[in-house]
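Dear colleague,

I am handing over the structure below, and after it I set out what was found, beginning with the whole chain and ending with two individual residues. Please read the notes with the structure open beside them.

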Amino acid sequence: MERFSGRNVLITGGGSGIGQATVHRILAEGGKVVAVDVNEDGLKKTLDRATADGTADRLTIQVLDISDEASVTTGVAAAIGGLGGLDVLVNAAGILRSSHTHETSLEFWNKLLAVNLTGTFLMTREALPALLAGGEGVVVNFSSTSASFAHPYMAAYAATKGGIQSFTHAIASEYSKQGLRAVCVAPGSIDSGMTHNPGLPADADLSLLAKLAPALGQGFAGPETVAGVIAMLASDDGAFVTGTELRIDGGTHM
Ligand SMILES: NC(=O)c1ccc[n+]([C@@H]2O[C@H](COP(=O)([O-])OP(=O)(O)OC[C@H]3O[C@@H](n4cnc5c(N)ncnc54)[C@H](O)[C@@H]3O)[C@@H](O)[C@H]2O)c1
């Protein structure tokens with residue numbers, strides 16, 4: 001499939017997990033990609049894999065901190081300048097931290113908001129003019145099953161993901177007449193850097209987490225399972241999908 005041939009795609013969190021898998025999926029489907037992340041080593045690994053795949057001529061890697069306004073402003077401008085326009089923004093970058101809510105510091109709360117929610121806002125704001133200029137721009141944001149279903153010890157994280165869903169619905173309506181589509185993926189139980197170390201409190205009551213097991217398969221799925229859905233949503237195959245979220249969790253929350 002070459003659904004992204006001639007399309008320019010900017011992907012955050014491109015140095016690990018689902019963002020990285022999405023970079024490779026879009027490259028495999030013919031797209032031109034700028035992958036950004038705070039983790040330069042992760043980005044280099046993304047580039048190494050693209051070199052091995054023979055797709056590196058369509059990939060640029062760039063260090064960018066989505067929670068830093070100046071980094072986003074200059075980084076997005078450079079990315080769009082290099083690509084020569086923008087068709088798709090995938091806001092995959094995010095952090096997961098867990099804690100007892102009564103022990104959660106304001107610093108911890110603010111950090112989650114700054115990266116997950118404010119970072120998604122800043123990236124989207126800076127990319128919108130270029131996305132609208134093309135007339136059929138797409139924004140894929142990252143919610144989580146924790147936004148709609150109870151995940152203990154993740155109140156702050158879940159709140160950021162619920163905020164991202166609301167933000168996505170609003171922009172889907174606001175720019176619909178200009179051809180923009182905005183959708184969320186809501187993954188759960190995906191093998192990634194984040195789920196290798198969710199940082200649960202040492203005394204977490206694991207019985208509260210027992211229900212968070214996928215019905216399909218033998219356990220967690222690989223990040224490419226989400227990347228394939230993102231490719232569908234961001235391509236013309238998703239042309240009538242906007243202002244909604246798609247749960248990708250192997251039936252954990254059926
Ligand atoms: N893995 C899951 O089961 C799951 C479930 C629900 C939602 N998600 C969401 O999927 C998205 C991708 O996460 P993942 O699971 O691939 O985890 P991951 O940790 O493997 O990848 C996240 C990437 O975001 C980058 N990042 C963190 N802070 C950043 C910043 N300030 N600026 C730029 N980049 C930054 C990290 O360096 C990392 O490369 C996240 O938004 C996460 O909340 C994942």
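The protein has seven helices and seven strands, and along the sequence these are arranged in the pattern β-α-β-α-β-α-β-α-β-α-β-α-α-β. Please keep in mind throughout that this is a predicted model, and that the values below were computed from it.

As to overall dimensions, the C-alpha atoms fill a box of roughly 50 × 35 × 35 Å when it is taken along the principal axes. The radius of gyration is 17 Å, which agrees with the value near 18 Å that a compact globule of 254 residues would have. Of the 254 residues, 51% are buried, and the accessible surface of the protein comes to about 11,300 Å², with 55% of that surface belonging to carbon and sulfur atoms. If one takes the contacts between residues at least 6 apart in sequence, 76% of them join residues at least 24 apart. The protein carries 16 positive and 25 negative charges, and the mean positions of these two groups are 4 Å apart.

Turning to single residues, I would start with Thr 12, which is placed in strand 1, a strand covering residues 8-12. Because its relative accessible area is 1%, and the cut-off for burial is under 20%, Thr 12 counts as buried. Its side chain reaches the backbone nitrogen of Ala 92 at 2.9 Å, and, when residues up to four places away in sequence are not counted, Thr 12 touches several others, among them Gly 19, Val 36, Ile 66, Asn 91 and Met 123.

The second residue is Asn 141, which lies in strand 5, made up of residues 138-142. Asn 141 is likewise buried, with a relative accessible area of 0%. Which side chains make polar contacts with the side chain of Asn 141? One is that of Asn 91, at 2.8 Å, and another is that of Thr 168, at 2.9 Å. Leaving aside neighbours within four places in sequence, the residues in contact with Asn 141 include Thr 120, Thr 124, Ile 164, Phe 167 and Val 183, as well as Cys 184 and Val 185.

One residue links the two descriptions: Asn 91 is touched by Thr 12, and Asn 91 is also in contact with Asn 141.

With kind regards

Notes:
Residues are numbered from 1 along each chain as its sequence is written. This is a predicted model: local features need pLDDT of at least 70, side-chain atom pairs count only at pLDDT 80 or more; totals for chains, interfaces and linings use all residues. Side-chain values use heavy atoms; hydrogens and water are left out. Helices (H or I, at least four residues) and strands (E, at least two) are DSSP runs, numbered from the N terminus. The radius of gyration is taken over C-alpha atoms; the globule rule is 2.2 Å times the number of residues to the power 0.38. Buried means under 20% relative accessible area, exposed over 50%, partly exposed in between (1.4 Å probe, protein chains only). Contact means heavy atoms within 4.5 Å. Accessible areas come from the Shrake-Rupley method with a 1.4 Å probe; for residues, only the protein chains shown count as cover. Lys and Arg count as positive and Asp and Glu as negative; His and the chain ends are not counted. The place of a charge is taken as NZ of Lys, CZ of Arg, CG of Asp or CD of Glu. A polar contact is a pair of N or O atoms within 3.5 Å; within protein, one must be able to donate a hydrogen and the other to accept it, and residues adjacent in sequence count only if both atoms are side-chain atoms.
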